[in-house]
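Here are some exercises on strand pairing, helix packing and nonpolar cores. Work through each with the structure open, then compare your steps with the solution.

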Amino acid sequence: MSRGRIPVIGTWFGGRSRTLPAPVAAGTAYARADGLGVRLGGRTVLDGIDLEVTAGQVLALVGPNGAGKSTLLAALAADLPATTGEVRIDGRPATVWTAPELALRRAVLPQAAALSFPFTVAEVVRMGRAPWAGTPGEDADEAAVAEAMAATEVTGFAGRPFSALSGGERARVALARVLAQRAPLLLLDEPTAALDLRHQELVLRLCRERAAAGAAVAVVLHDLGLAAAYADRAALLHGGRLAAQGPPGEVFGAGLLSRVYRQPVEVIGHPRTGVPLVMPLRDA
């Protein structure tokens, strides 16, 4: 595919001096929120959040609708400014990095993927490589795009217009763009929402693989079973505050979940793996 189809993006990144990200040791807090508060429309959406996204781990952000999960993800990406407290990325306040430098350090998957122009699937995925234009990392463009498309199983329709895809196909293409970016920090907002069972498992396996390769991964999930099965840590939000954080086996207690979700649940261990299974209590 010709690189000339997205010249504006490449020019924007390529024309700015950037400090490239250095390798990060596993266990390092690549992104962190300290006393983070966010107000939107005069309303406090997040309050007093202390949280780390650690290299080599998957962090699941869970909680009921309106708890602040997407807002927290956007604040960790430095896409939303902190009203109080601070967000740090790669050891520095997020506000210190330029936009091109941030794009080298964190890749963000929003809830919805929409494009107004008739880009093909391959062109959309290639957009993830724009931050590397004009750097030594540009040499990996072809390999990164091909690898990301293969991992998300979208290679077979690389030439199709993005606008002609189903919701689930668009979601996988959007994830491929994020993976192609090869940033040390992945921030994914409900990446499994539009996917079937097979591709939900595929996406979470990819999250684990990226973490195993050294990335810091934070993912917003509604499916507590997926969070328990794939996340190293879970952060449970309730009313804009952290109700609990830690390993899923510790956070996913029946009493706490029942109170936060306002729905009685029971939690049992999977008979083979011991992973917590969260099920609503229903009348017989």
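**Exercise 1.** Find the bridge partner of Leu 59 in β9.

*Solution.* Step 1: the model is predicted, so local features need pLDDT of at least 70, side-chain atom pairs count only at pLDDT 80 or more, and totals for chains, interfaces and linings use all residues. Residues are numbered from 1 along each chain as its sequence is written, and side-chain values use heavy atoms, leaving out hydrogens and water.
Step 2: the partner is Arg 233.
Step 3: β3 (residues 58-62) and β9 (residues 233-238) run parallel, with four bridges. Pairing requires at least two DSSP bridges between two strands; strands are DSSP E runs of at least two residues, helices H or I runs of at least four, numbered from the N terminus.

**Exercise 2.** Place this pair in its sheet: what is the strand order?

*Solution.* Step 1: the open sheet has six strands, ordered β6-β7-β8-β3-β9-β10, with mixed pairing.
Step 2: β6 (106-109) and β10 (241-246) are the edges, each pairing on one side only.
Step 3: helix α10 (residues 254-261) lies across β3, β9 and β10, at about 40° to β9. Angles run from 0 to 180 degrees between N-to-C directions of axes fitted to C-alpha atoms, for helices over the stretch in contact.

**Exercise 3.** Which helix gives the largest share of the largest nonpolar core?

*Solution.* Step 1: such a core joins buried Ala, Val, Leu, Ile, Met, Phe, Trp, Tyr and Cys residues through side-chain atoms within 4.5 Å, where buried means under 20% relative accessible area with a 1.4 Å probe, protein chains only.
Step 2: this core has 56 residues, and Val 125 is one of those touching the most other members.
Step 3: helix α6 (residues 167-181) supplies the largest share, eight residues.

Notes
Contact means heavy atoms within 4.5 Å. Buried means under 20% relative accessible area, exposed over 50%, partly exposed in between (1.4 Å probe, protein chains only).
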